[in-house]
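Biologist: Got a minute? Show me the model, then let's talk it through.

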Amino acid sequence: MHIAVLMFALMTVANPAWAQATKPVRLVVLGDSLSAGLGLPAQEAFPIKLQKALQDKGIEVAMTNAGVSGDTSSGGRDRLDWSVPDGTDGVIIELGANDALRGINPDLTRTALTEIVQRLKARKIAVMLCGMLAPPNYGADYAARFNSIYPDLAKKLDVPLYPFFLEGVAADAKLNQADGIHPTAPGVDIIVKNILPTVEAFLGTISEQRR
């Protein structure tokens, strides 16, 4: 009897109360090839592995991978309505890497991401923003303008921010595919591990709002 009570207590500590909700949180990852899983089997893509990591913690989510390889922030904005269906509870935005790689004017990236967040919030859909950093080849001025987009928007629009999506993976040859840009399956594992606490907090907020 005491063992049963102890096991129940441990389960209660391990899983937050909101994770026991009967209806899974409907989550969309709106992104580019980094979340689409370019070069990887479908089950190795970031959204699938994130869903598995959450399930391992007793947190049920209905996950949609809305990553499109090659997409810019403007592309994500243009397909927003059909990529994020009605009934979605939350969106993780992972966009901007292609903007930086192509040297797109940071003002255009900022405008597109702002519109995405505002349109989702207008639909009563929670938003989490994943930051991106510009490569060094466009110079310090470009990098400063680009890199400031994500913290600025998170503060201005009051959304949670994971500062750098590729934290712990970028520029590590062992964790990236031959192109040096897209993570390998072990690289995705590190991204998921690092981002998980931020996603858990995000989901907790959504669940509290649904009560």
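Modeller: Start with two rings. F146 is buried, and Y150 is buried too. Buried means under 20% relative accessible area, exposed means over 50%, and partly exposed is in between (1.4 Å probe, protein chains only).

Biologist: Where does this model come from?

Modeller: It is a predicted model: local features need pLDDT of at least 70, side-chain atom pairs count only at pLDDT 80 or more, and totals for chains, interfaces and linings use all residues. Residues are numbered from 1 along each chain as its sequence is written, and side-chain values use heavy atoms, with hydrogens and water left out.

Biologist: OK, rings. How many aromatic pairs are there?

Modeller: The count comes to 4 aromatic pairs. Rings of Phe, Tyr and Trp (its six-membered ring) pair if their centres lie within 6.5 Å; planes under 30 degrees apart are stacked, over 60 edge-to-face, and the rest tilted.

Biologist: Why is the pair Y138 and Y142 called tilted?

Modeller: Their planes sit at 45°, so the pair is tilted. The ring centres are 5.2 Å apart.

Biologist: Are those two buried or exposed?

Modeller: Y138 is partly exposed, at 35% relative accessible area. Y142 is buried, at 10%.

Biologist: And what kind of pair do F146 and Y150 form?

Modeller: An edge-to-face one, with 5.9 Å centre to centre and 65° between the planes. Ring pairs join Y138, Y142, F146 and Y150 into a cluster.

Biologist: New topic. How many residues are in the largest nonpolar core?

Modeller: It has 58 residues, and L50 and I93 have the most contacts inside it. Such a core is a set of buried Ala, Val, Leu, Ile, Met, Phe, Trp, Tyr and Cys residues joined through side-chain atoms within 4.5 Å.

Biologist: Which helix gives the most to this core?

Modeller: Helix 10 (residues 185-210), with 9 residues. Helices (H or I, at least four residues) and strands (E, at least two) are DSSP runs, numbered from the N terminus.

Biologist: What is I93 in contact with?

Modeller: Leaving aside neighbours within four places in sequence, I93 contacts residues including L30, L113, I116 and C130. Contact means heavy atoms within 4.5 Å.

Biologist: Anything odd in the backbone?

Modeller: Most residues other than glycine have a negative phi. K124 is not a glycine, yet its phi is positive, about 65°.

Biologist: Where does K124 lie?

Modeller: In the loop between helix 7 (106-122) and strand 4 (126-130). K124 counts as exposed, at 76% relative accessibility.

Biologist: What about A171?

Modeller: A171 has a positive phi of about 70° and is not a glycine either. A171 is in the loop between strand 5 (161-162) and helix 10, and is exposed at 81%.
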